[in-house]
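Please look over the sequence and the model below, and then read on for a description of the ligand surroundings and of two loop residues.

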Amino acid sequence: MTRTPEPRESTAMDFTFTPDEERFRLELRQWLSDHLPPGWGKPGYQYPKTYEDGAAVRRQWDRALHAGGYAGLSWPRAYGGRGATLIEQVIYFEEIARSRAPEELNRAAKLLLGPTIIHHGTEEQKRRFLPRILSADDVWCQGFSEPNAGSDLASLATRAVLDGDELVVNGQKIWTSNATVADWIFMLVRTDTSAPKHQGITFLLADMRSSGITIRPIVQMTGSGEFCETFFDNVRVPLANVLGGLNAGWGVTATALSHERGTLAFHRHAMIRVELDELIDLARRLRRGGRPVIDDPMVRQRLAQCHSELELLRWTLCRNLTRQIQGEPAGAEGSIVKLYWSELYQRITELALDVLGPASQIADGPLAEEGGRWQFRFLKSRGDSIHSGTNQIQRNIIGERLLGLPR
Ligand SMILES: Cc1cc2nc3c(=O)[nH]c(=O)nc-3n(C[C@H](O)[C@H](O)[C@H](O)COP(=O)(O)OP(=O)(O)OC[C@H]3O[C@@H](n4cnc5c(N)ncnc54)[C@H](O)[C@@H]3O)c2cc1C
C-alpha cells in the first residue's frame, strides 16, 4: 500500500500504517465497542428473525454511525462526509467487519448514489438529498433490474413519458433489495424508445410513497423477503428528480456502478476472515466419533486451503489498492476480486455444513447448531455469484479485457 508513485514493474507494497492511520483505527475500534447495539458483536448473537426487524436495527445503526461522524466516509467534507483517504476507508471496513456490526441499511445510497449525485446532481438535488442519505432519514433502494433486463441492463423496458413538468412511469422492476423499507428509489427508465438502446435511458429519483407503486416481496430460500418485485402504474415523478438530464441516464449509471466496488471488497474480505475463524473454532469444539472434527485430516486440509485463498484475496486487494492510490482506475481487475471472493465464500459455507455433519440438516429450533446461522450463510451465499454482475459476466470481462481473448 505504498503512497509514493513508482513505475508498476518496481511497485513494492508497504504494509505499515502511518501514526494518523493507526490513531484512526484505534478511535474507531473504541467507538464501535462503545456504540454497538446491545448484544451485537459476539459470534453467538442471534440476529433478528424477520427481515423488517433486522432492517429497523440497521437503520438505527446508520443513524448512530452518522452521529459518530462515520457516515459518508469517502464523501467530501463540503457535502457532510468525512473526506477519508482510501486507506482510512479500508481501515473502516476492516474494523466494522471485525466488530461484527450490523450491515448498514443505506449502504447502496452512501456508496453508489451519494457520489453520483455529487457528480451529476444540481445544487438543489445535492441540498435536498445528500444530508438525508447520511442521516438515514431517507433510505434508498436500487431499481435497475427488470424481468428481461439484468446482465443486459440496457434492454430495460420500464417507460417514462413526459407530461407537463412530470414523468409518468409504467413498468416493473425486480430483485429490488430493501424495497419494503425504503423511502426512495433510484431507478432507470426508458424515455426515448426511438433512440439506440443505451441512449434513451433516464436516471430517476422517485419517492416510494408515490401513488401507483406496488411492492411484492419475493421470499428467498433463506426464508427472508428482502428482494421485491416493484410495479409502477402511472407513477408521477417531477422532472426535477431527473439526475444528469433526460436520456443521459446511461452515463450516470456508469458513474454509479464505478463506485460499486471501490474499497468495499476489503469489508467482504474481513467478514469472511471473521467467519472462517468462527468455523475453525467450531471444528475444534464439535466432536464426531469421540474426537474433535478438526482432527479429521480432510477437514484440516480444506480449512488450510480456505485460509491460504483468503490470504491471496487480501494480497490481490492490496495490489489493486496500490494502483488506485497511484491514481490508476480500479478497472477490470475488480472482476477478479468479485469472482474470487464470491466463490471462495461459497466454498467456506459449504465446508461449514460438512463440519456440522448431520446437524447441518436442522436449521431451526432448539436442536439447530449455532442458531442455524451457517445454513443461512450457505443459502445466502448463492446470490453472491449473481449480484453486482454475475460471475459469468466477470469471466467475460477477465477474458476480454485482461487476457485479450476474442469477444
Ligand atoms: C442478492 C442480490 C441482490 C440484488 N439486488 C438488486 C437491487 O437492489 N436492485 C436491482 O436492480 N437488482 C438487484 N439484483 C439483481 C441483479 O443485479 C441481477 O440478478 C443480475 O444483474 C443478473 O441479472 P438476471 O438475474 O436478469 O440474470 P440474466 O442476466 O438473465 O442472466 C441469466 C444467466 O445467464 C448468464 N449470462 C447472461 N448474459 C451472459 C453473457 N453475455 N455471457 C455469459 N453468460 C451470460 C448469467 O451469468 C446468468 O447465469 C440483485 C441480485 C441479487 C442476487
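Helix α11, which spans residues 391-402, contributes the most to the shell around the ligand in this predicted model, supplying three residues. The shell as a whole holds 15 residues, and those that come nearest to the ligand are Gln-142, Ser-145, Ser-151, Trp-175 and Thr-390. Sorted by character, the residues of the shell comprise ten polar and five nonpolar ones, while no charged residue is found among them.

Oxygen atoms of the ligand take part in polar contacts with the protein, and the table lists three such pairs by residue, by the part of the residue involved and by distance.

| Residue | Partner of the ligand oxygen atom | Distance |
|---|---|---|
| Phe-144 | polar backbone atom | 2.9 Å |
| Ser-151 | N or O atom in the side chain | 2.6 Å |
| Gln-392 | N or O atom in the side chain | 2.8 Å |

The ligand taken alone exposes 980 Å², of which the protein buries 64%.

Two residues call for a separate remark on their backbone. Glu-370, which is not a glycine, has a positive phi near 55°, and this residue lies in the loop that runs between α9 (333-356) and α10 (373-381). Is Glu-370 buried or exposed? Because its relative accessibility is 16%, and the cut-off for a buried residue is under 20%, Glu-370 counts as buried.

Ser-388, likewise a residue other than glycine, shows a positive phi of about 55°, and Ser-388 sits in the loop between α10 and α11. With a relative accessible area of 26%, Ser-388 is partly exposed.

Key:
Residues numbered from 1 in each chain as written. Predicted model: local features only at pLDDT ≥ 70, side-chain atom pairs only at ≥ 80, totals over all residues. Heavy atoms only, no water. Near = heavy atom within 4 Å. Polar contact = N/O pair within 3.5 Å; in protein donor to acceptor, adjacent residues only side chain to side chain. Areas by Shrake-Rupley, 256 points an atom, 1.4 Å probe, with all protein chains shown as cover. Helix = DSSP H or I, 4+ residues; strand = E, 2+ residues; numbered from the N terminus. Nonpolar A, V, L, I, M, F, W, Y, C, P; charged D, E, K, R; others polar. Buried < 20%, exposed > 50% of the residue type's maximum accessible area, 1.4 Å probe, protein only.
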